[in-house]
Amino acid sequence: MLKRRPLRSQNESFYDVLFDVFCTSYIDVHETSVQGVCGAGTVKPVSVMKGDSVTLHTGVTELQRDDKIEWMSKDFIIAQIENNITSIHEDRLKLDYQTGSLTIRNIAENRLYELHIRGDQLISKTFNVTVHGGVKTVSVKEGDHVNLHTDVIAIKGFDLILWKTEGDLLAEINQVTNRFSLYDSGDVRFSGRLDLDRQSGDLTIRDAETTDSGVYHLRMSSSTHTLQRTISVTVKNNGVCVGASATVASVLRKGRGKPGVCPSINHGDVGLCAEMCSDDSGCPNDEKCCSNGCGHQCMPPYKAKPGVCPNKLGVGACVESCSYDSDCLKDEKCCSNGCGHQCTAPYKAKPGVCRSKILERGVCAEMCVDDSDCLNDEKCCSNGCGHQCMAPYTGSTGCSLSVDWDKAVGVLLLSVMTLLKELLAFALFEAEFCTVWRLYRPGYIHEV
């Protein structure tokens, strides 16, 4: 592990603070600075639960080629990026290549983390990560409520809170778009049984069933960090007969869900407070029984737009700007940006082909993922080690030939005949030479 002295500021002056004005385009405008270092002297508190994963954000959307990133803890360099080479010096760490953000998995101890970015400006930040105890396993009896806690008193400091199961989004609080959504109608297992606390972000599953057992994921994002937590839930069968009618109703609710998901409901878009349906079986055609923000009514299911989302490098803004393709204009799709979701034009491969052979191996870095990352008509092509944007190959591929076989066979026969003629001429000359040599060689007696 590498070690070096941390940066220290000595003379704080008006000019040092003035320099910070020019840094505000690079980092949070509310941070103060000393000695021309953006963000120096500011300690950002981060509270997590033991076993959580946390990502500490640099505040930079995209690193420049000459930027040098250093993450330090206990006066040691634990991760760095220099000359496009990433180095990790501790286990459980992950470094984002595009933004320089540091992810610490399965966190276990209180610790200070220092960030130093050297480039056009010098950025320095300190994160004080404190670890506390908490409940990460929940066990209840069938029929009880399952309470999943965020362990925060108020959620104002977080831009986004998401509750998920394996592959399914259950609840969302988006402070930026003022979205407060429950997605219980899209999953027949939880239909009408989810409650989301607007103040704390806690999620409650009412009237727990054994099928609610499993792993639940919490993701909370702010401008400084993103926290990820996993909570294991076990619902035990209490062994009491709950009655045939309740059992049948539960089976019907689970078995009659039509394909597709319900459209999202934006905060403030509240429909009629009446239960006009109880499950999908009460709706005509392919319509589903969906929440309207107060009650339930039959609605057409959400349909994804054609096309696929582009694969983007790095992590974008941790904001849920959309939930479905229907939230986006024209042919845009609701795509992941690595942290949140935003409306994005679908990926379309550009015409042309990449060069099949690279004479010299390029930089071993993924500077693009697909053609959409490249300017103009350039394509994302392999450079022999990584990928980079290149102009498409427009010349001959070197392997496609147009051959006139009749002419080729004729040329071949003519060549063979010419060769045979030359060999015959040489054989005749050799025979004539040998005859003359036998007649006129020295010692030969001519008879008269």
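Colleague: How much of the area that the protein exposes do carbon and sulfur atoms supply?
Modeller: The model is predicted. The protein exposes about 26400 Å². Of that area, the share supplied by carbon and sulfur atoms is 56%.

Colleague: Which residue of the C277 and C289 disulfide lies in strand 21, and what is its relative accessibility?
Modeller: The sulfur atoms of C277 and C289 are 2.1 Å apart, and the link is right-handed, with 95° about the S-S bond. C277 lies in the loop between helix 2 (244-255) and strand 21 (288-291) while C289 lies in strand 21, so the pair ties together parts that are 12 residues apart in sequence. Buried means under 20%, so C289 counts as buried. The residue in strand 21 is C289, and its relative accessibility is 5%.

Colleague: Is C328 buried or exposed?
Modeller: C328 forms a disulfide with C343, and this link is left-handed, with -85° about the S-S bond. The pair links distant parts of the chain, with C328 in the loop between strand 22 (296-299) and strand 23 (333-336) and C343 in strand 24 (residues 341-344). C343 counts as partly exposed at 27% relative accessibility. The relative accessible area of C328 is 7%, so C328 is buried.

Colleague: Which residues make the nonpolar surface patch of about 490 Å²?
Modeller: One of them, L420, lies in helix 3 (residues 405-440). L420 has 53% relative accessibility and therefore counts as exposed. The patch is made by L412, V416, L419, L420 and L423.

Conventions
Residues are numbered from 1 along each chain as its sequence is written. This is a predicted model: local features need pLDDT of at least 70, side-chain atom pairs count only at pLDDT 80 or more; totals for chains, interfaces and linings use all residues. Side-chain values use heavy atoms; hydrogens and water are left out. Patches are made of residues with over 30% relative accessible area and no salt bridge: like charges are joined within 9 Å, nonpolar side chains (Val, Leu, Ile, Met, Phe, Trp, Tyr) within 5 Å. Accessible areas come from the Shrake-Rupley method with a 1.4 Å probe; for residues, only the protein chains shown count as cover. A salt bridge is a side-chain nitrogen of Lys or Arg within 4 Å of a carboxyl oxygen of Asp or Glu. Helices (H or I, at least four residues) and strands (E, at least two) are DSSP runs, numbered from the N terminus. Buried means under 20% relative accessible area, exposed over 50%, partly exposed in between (1.4 Å probe, protein chains only). A disulfide is a pair of cysteine sulfur atoms within 2.5 Å.
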